[in-house]
Protein chains: 2
Amino acid sequence: MAEQAVTVAVSTVIFGLRDVDGSPALHLPLVRRVREPHLGRWALPGGPLRPEESLREAAREGLAATTGLRPRHLEQLYTFGAVDRGGADRVVSIVYWALVRTDEAERTLADPNVSWFPAERLPALAFDHDEIVGWAVKRLKAKLEYTRISHALLPEEFSLGQLREVHEAILGRRLDPANFRRRVEATGTVTRTGALQSGVRHRPPALYRSTARQELLT
Amino acid sequence: MAEQAVTVAVSTVIFGLRDVDGSPALHLPLVRRVREPHLGRWALPGGPLRPEESLREAAREGLAATTGLRPRHLEQLYTFGAVDRGGADRVVSIVYWALVRTDEAERTLADPNVSWFPAERLPALAFDHDEIVGWAVKRLKAKLEYTRISHALLPEEFSLGQLREVHEAILGRRLDPANFRRRVEATGTVTRTGALQSGVRHRPPALYRSTARQELLT
DNA sequence: TCAAAAGTGTTAATCCTACACCCATGG
DNA sequence: CCATGGGTGTAGGATTAACACTTTTGA
């Protein structure tokens, strides 16, 4: 006889950029629930924690299984465990958040039950997932200011203009190109590759890459 | 037949101040383990999560049971769940951190298996608790700079000198009294009570209290 | 009257912001 | 040759850090 027990699940808020009329905008993939409770609603990808896998592995695994994505950045966000979160059992839900590269975000699994939504206009989500996404966005904005995580959204080489567009998309406001450039260069988190980006209808920008350093994946 | 399952535990890193030759210093209470594994070692207070209590309740409850303390500030820190954390079962450990008032810290349960240690000189702890405490200290230092949590360590009314000593103890460096005063006053997080602290062998300092506002207990 | 901390004032250095201006390319 | 974003320069304001100096108490 199974007594009332606590179950552990791991889900992930995945962020990626997709173009909306020319500019990148923050998006996230959701999966449609195929069982009760909240059947048919959109929810964060995730699943139960198996005893033999670490929390991080579980996040990475559940993410790959449902969306086919491999994150560039993966970090624990928070653990939610109110007694009634809208489901039947007592579930403790450990939430991670991840960033995937723009080009990777394009080739998500072709599955009618997986779809990308703009972070600003989400449908009503299952459980308390709305609240969770709100936290993740808040954390992303905060970390943008004092870490180099934004690099994880871009391809290996990028211009400072592209990097600025990413920051603008996430922060939701325009940044002065001149000051942004100086701030970024001063931190030493980027290195010139020497190459220039060609094919643009203006002065070709220098390309940079993230300065080599093992990322501290908290 | 019980299959290999995941267990959820909640523990808490509790911070309080105790005087070390005249100045406050960051301390934390630990409990001695009375069973295997790690029998006899010092560890963070905590215990298993019961299905009917929230994570926060579990943290508060386990804390009260083992140390008799009521925290002024309680916040989730991180969830640790590597497959082998040194115990026998697979345990997912949700860690909270708490601040208690100086005067409260004095009257901990008189129990030979509970003792306060200076944060700088801890004994070797059970499991991965050393690492956890390290994280908690780091978070405390960071939050000191942009929140008002330091008030939670002091009594209802305090002088700016006392508040500065708290910051100095936690950050581990001296702060300019004049500049500290101005910074704190500028934030508007403290209010003069009108009273002065008497009995000091120098000019009596004005007393302040934390500006009334519901604390956001993440 | 002296030591010690409270509290105020001042200045120089630094950082941040806004914006002017030249550069190099594709159309 | 022009529109567009890349890239550099710079002046003013705000913030910070260091420290001189006055105030008020108990011993």
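How many bridges join strand 8 of chain B to strand 10 (residues 206–210) of chain B, and is the pairing parallel or antiparallel? The two strands pair in the antiparallel sense over 2 bridges. Two strands are said to pair if DSSP finds at least two bridges between them. Helices (H or I, at least four residues) and strands (E, at least two) are DSSP runs, numbered from the N terminus.

This is a predicted model, in which local features need pLDDT of at least 70, side-chain atom pairs count only at pLDDT 80 or more, and totals for chains, interfaces and linings use all residues. Residues are numbered from 1 along each chain as its sequence is written, chains are lettered from A and ligands numbered from 1 in the order in which they are written, and side-chain values use heavy atoms, with hydrogens and water left out.

## A sheet in chain B

In chain B, 3 strands form an open sheet in the order 8-10-9, with antiparallel pairing. Strand 8 (158–159) and strand 9 (190–196) of chain B stand at the edges with a single partner strand each, so one side of each has no neighbour in the sheet. Between strand 8 and strand 10 of chain B, B:Ser159 stands opposite B:Leu207, and B:Phe158 has B:Tyr208 as its bridge partner. Strand 9 of chain B pairs with strand 10 of chain B over 4 bridges, also in the antiparallel sense. The bridge partner of B:Leu196 in strand 10 of chain B is B:Ala206.

## Two helices in chain B

Two packed helices are described by the angle between their axes and the distance between the axes. Helix 4 and helix 5 of chain B pack at an angle of about 100°, and their axes are 10 Å apart. Helix 4 of chain B is therefore roughly perpendicular to helix 5 of chain B. Axes are lines fitted to C-alpha atoms, for helices over the stretch in contact, and angles run from 0 to 180 degrees between N-to-C directions. Angles under 35 degrees count as roughly parallel, over 145 as roughly antiparallel, 65 to 115 as roughly perpendicular and the rest as oblique.

Helix 4 of chain B brings B:Leu160, B:Leu163, B:Arg164 and B:His167 to the contact (heavy atoms within 4.5 Å). From helix 5 of chain B come B:Pro177, B:Phe180, B:Arg181, B:Val184 and B:Glu185. By class, this contact has 5 nonpolar, 1 polar and 3 charged residues. Here Ala, Val, Leu, Ile, Met, Phe, Trp, Tyr, Cys and Pro count as nonpolar, Asp, Glu, Lys and Arg as charged, and the others, Gly among them, as polar.

## The DNA strands

A residue is near a strand if one of its heavy atoms lies within 4 Å of it. Of the 19 residues around DNA strand D, A:Arg181, A:His202, A:Arg203, A:Ala206 and B:Arg203 come nearest. Sugar and phosphate make up 56% of the atoms of DNA strand D that come within 4 Å of the protein.

DNA strand C also has 19 residues around it, and A:Asn179, A:Val200, B:Arg181, B:Arg182 and B:Ala206 come nearest. Of the atoms of DNA strand C within 4 Å of the protein, 57% belong to sugar or phosphate and the rest to bases.

The table lists polar contacts, which are pairs of N or O atoms within 3.5 Å; within protein, one must be able to donate a hydrogen and the other to accept it, and residues adjacent in sequence count only if both atoms are side-chain atoms.

| Residue and its atom | DNA atom | Distance |
|---|---|---|
| A:Arg181, polar side-chain atom | strand D, phosphate oxygen | 2.4 Å |
| A:Ala206, polar backbone atom | strand D, phosphate oxygen | 2.8 Å |
| B:Arg203, backbone N or O atom | strand D, base oxygen | 2.9 Å |
| B:Arg181, polar side-chain atom | strand C, phosphate oxygen | 2.5 Å |
| B:Arg182, side-chain N or O atom | strand C, base oxygen | 3.0 Å |

The surface near DNA strand C takes two or more residues from each of helix 5 of chain A, helix 4 (160–171) of chain B and helix 5 of chain B. This surface has 6 nonpolar, 4 polar and 9 charged residues.

## Local backbone features

Most residues other than glycine have a negative phi, and most peptide bonds are trans. A cis peptide bond joins A:Glu36 and A:Pro37, with omega about -5°. A:Pro37 is found in the loop between strand 2 (23–32) and strand 3 (42–43) of chain A. In chain B, B:Asp21 is a residue other than glycine with a positive phi, near 30°. B:Asp21 lies in the loop between strand 1 (6–20) and strand 2 of chain B.
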